[in-house]
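Me: Could you walk me through this one before I start on my own notes? I'd like the conventions first and the residues afterwards.

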Amino acid sequence: MRIQYKISFNMGSVYFQRFFKDKPSNLLIIFLSALSLKLLIFFLVTEPIIFNKYPYFAERISNGFDIGERILDLSPLYLYVNVLIYQIYGKNWESLAVLQILVGSLNCLFIYFIGEKIFGKAVGFVAALVLLLYGNLTLIELTLEPEVFGLFFNSLLVLILIQIQAERDPGQGFGRMFLAGLLIGLAAITKPNALLLLPVTLLWLWICPIYPSPGRKIKSMLFVLLGVALLISPITLRNYVKFQDFILVTADSGKVFFHGNGPGSTGMERADLPDQGFAEESQSEPDSAHAFFRRTARALAGRPLKPSECSRFWLARTLNHMRTHPFSAFVLDIKKFFYFWGNYEVHDIDSTYKNYRTLRNWPLLPFGIISALGIVGMGLALKKFRQAFLLYAVILVYLISNLVLFVTSRYRLPAAPFLSIFSAYALISLYTQWHERNLRKFLICSGLVLCLFASTHFLFRNQIEALDRWQIATRIHYSLGGNLLFKKGLYREAILEFEKAIALEPDFAPAYNRLGMSYAVLNDYDRAERYFRKVIELSPGIDQGYLNLGLLYELKGEPSKALPLLEKAFSLNPENPKTKEHLQKLRTGGAKG
């Protein structure tokens with residue numbers, strides 16, 4: 001026996017009802033619309049791929065290199081997808097972006113099916129439309145990061161569970177429970193915080209009236225756990241064999257927890273180690289913060305910690321900070337709660353932030369609209385809470401995840417598909433209220449949506465503007481402006497970009513460092529020296545200022561001034577090969593006196 005849980009809306013229009021009746025055409029409209037819009041954004045908004053963490057390591061693995069502990073910083077599933085793409089297409093990483101567009105278009109179809117099964121075809125169709133018009137989702141899909149696959153597995157998991165709930169056929173349920181476990185496992189080896197979906201699924205199995213006896217409920221839970229274990233255990237075994245360390249999936253939870261709750265965290269801006277970005281810049285590997293945190297943990301602990309011990313080191317350090325500043329920790333979580341629903345998109349990847357600034361001019365839906373409608377929709381749908389339990393639960397899971405960590409667009413993105421369903425429910429409800437002349441309820445609901453949307457713009461506005469100014473300075477003018485020009489040898493053009501970065505952020509030491517290097521290349525040694533001294537003033541714990549000023553003195557033929565600066569640089573970073581080379585050269589009398 002099939003039981004469909006749907007809300008009967010009085011659409012007031014025969015055409016409106018007929019439009020949603022033809023299911024095959026709905027699917028075609030949704031998929032082709034999503035695919036077309038995403039391809040349009042791909043060609044008109046995005047630029048050649050710059051952020052290449054996963055392609056870099058996939059290429060090294062494909063060429064037989066051992067990437068060591070860095071494998072613990074990467075999504076296992078997405079890393080191996082990158083390896084597969086490299087082996088098929090070589091360095092044509094745009095093919096991976098197109099694959100992610102196709103997966104993202106399928107996600108819109110899944111959201112249609114979920115909305116249709118719970119609330120009806122109209123809600124399903126509008127939900128898919130809302131999701132595909134959320135342009136920021138496409139930008140993240142086009143970033144070579146694993147989020148789109150996480151959304152794919154999450155949506156498919158919820159769809160399967162809802163289908164089981166609708167059919168209420170215990171005879172077929174155990175196989176699907178095993179499949180649900182496999183999907184949770186796939187989601188977890190894509191993004192480890194997806195493991196939070198496991199207790200949600202087990203709770204749903206216990207309260208859902210599919211299996212009347214406790215014994216059958218427990219059996220179904222065991223099938224779920226078996227599926228999860230089957231996918232995660234090979235990764236855990238790989239980690240143990242390679243590092244003699246028990247690491248479930250990745251080893252960066254302590255680091256990320258520090259980012260979200262350590263000294264200096266604002267909820268959107270991460271807490272970083274002193275001069276972390278500057279230190280990372282001198283490294284050859286992309287996103288070397290993971291290695292930097294492990295190296296720092298081992299230095300502070302004074303012993304060779306295992307990767308999992310490094311993670312626990314930062315976890316303990318952060319918890320100690322929170323215990324000594326309980327009120328600040330509480331206020332920080334309040335901020336994170338509001339940021340989670342806010343309109344502003346916090347992008348932690350340079351190229352995605354730049355593309356986001358372009359896409360803001362397109363007539364697409366901002367997150368603030370989706371969250372405002374979604375919150376109202378969740379309130380209106382409470383009478384169907386039992387049927388929609390999984391939608392509420394997934395949103396709550398990712399809200400909690402952001403409260404524990406910090407709020408960025410990538411981290412809150414998994415809630416967006418399910419918020420889209422509640423947004424559609426709110427829109428259909430508003431339409432019904434208007435058509436039925438229920439003006440009082442219509443005005444209350446629409447007024448609440450407007451108030452919520454306004455709050456996403458005005459709450460913490462000063463902090464958001466300061467963050468945006470910092471991102472313009474560091475991501476647009478420095479990273480994607482001056483740095484790229486500098487690497488191309490366009491030093492005078494690069495200087496203009498670095499000066500723009502400093503005008504916005506006067507204490508941004510890396511820009512002064514690049515200015516000094518640019519002027520040194522242009523033989524303006526006086527300006528170069530002034531800027532390198534500014535670097536030392538702003539970042540005395542980083543070797544770059546001392547190293548570059550020492551190299552400048554060496555270039556000018558003043559080894560007596562160069563030697564103490566290079567020795568200081570070596571004491572701060574003994575692993576820098578350039579420092580070692582020039583220090584040895586000066587000590588052996590290779591430089592001119």
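Reply: To begin with the vocabulary, helices (H or I, at least four residues) and strands (E, at least two) are DSSP runs, numbered from the N terminus. With that in hand, Tyr240 can be placed in helix α11, which covers residues 214-243.

Me: And what kind of model is it, and what are the ground rules?

Reply: This is a predicted model, in which local features need a pLDDT of at least 70 and side-chain atom pairs count only at pLDDT 80 or more, while totals for chains, interfaces and linings use all residues. Residues are numbered from 1 along each chain as its sequence is written, and side-chain values use heavy atoms, with hydrogens and water left out.

Me: How confident is the predictor, then?

Reply: The pLDDT, which is the predictor's confidence in each residue on a scale from 0 to 100, averages 89 over the protein chain, and 94% of the residues score at least 70. Residues 1-16 have a pLDDT below 50, and beyond near neighbours in sequence this stretch has 43 contacts in the model, a contact being heavy atoms within 4.5 Å.

Me: How many helices and strands does the chain have?

Reply: The protein chain has 29 helices and zero strands. Its radius of gyration is 27 Å, close to the 25 Å that the globule rule gives for 593 residues, so the chain is as compact as a globular protein of that length; the radius is taken over C-alpha atoms, and the rule is 2.2 Å times the number of residues to the power 0.38. Along the principal axes, the C-alpha atoms fill a box of roughly 95 × 50 × 50 Å.

Me: What share of the residues counts as buried?

Reply: Of the 593 residues, 55% count as buried, where buried means under 20% relative accessible area, exposed means over 50%, and partly exposed lies in between (1.4 Å probe, protein chains only). Among contacts between residues at least 6 apart in sequence, 73% join residues at least 24 apart.

Me: Back to Tyr240: what does it touch?

Reply: Leaving aside residues up to four places away in sequence, Tyr240 touches Asp245 and Phe246. At 47% relative accessibility, Tyr240 counts as partly exposed.

Me: Which residues have a positive phi without being glycine?

Reply: Asp287 is one of them, with a positive phi of about 50°, and Phe460 has a positive phi of about 55°. Asp287 lies in the loop between α13 (276-281) and α14 (289-301), and Phe460 lies in the loop between α22 (439-458) and α23 (461-487).

Me: Are those two buried or partly exposed?

Reply: Asp287 is partly exposed, with a relative accessible area of 26%, and Phe460 also counts as partly exposed, at 29% relative accessibility.

Me: Let's switch to α22. What is around Val449?

Reply: Val449 lies in helix α22 and counts as buried at 11% relative accessibility. Not counting residues up to four places away in sequence, Val449 touches Ala372, Leu373 and Val376. The C-alpha atoms of Val449 and Ala426, 23 residues apart along the chain, are separated by 9.2 Å.

Me: And where do Ile164 and Ile428 sit?

Reply: Ile164 is found in helix α8, residues 147-167, and is buried at 3% relative accessibility; Ile164 and Ile210 are 46 residues apart in sequence and 8.0 Å apart in space, C-alpha to C-alpha. Ile428 has its place in helix α21, residues 416-435, and is buried at 3% relative accessibility. The C-alpha atoms of Ile428 and Trp206, which are 222 residues apart along the chain, are separated by 32 Å.
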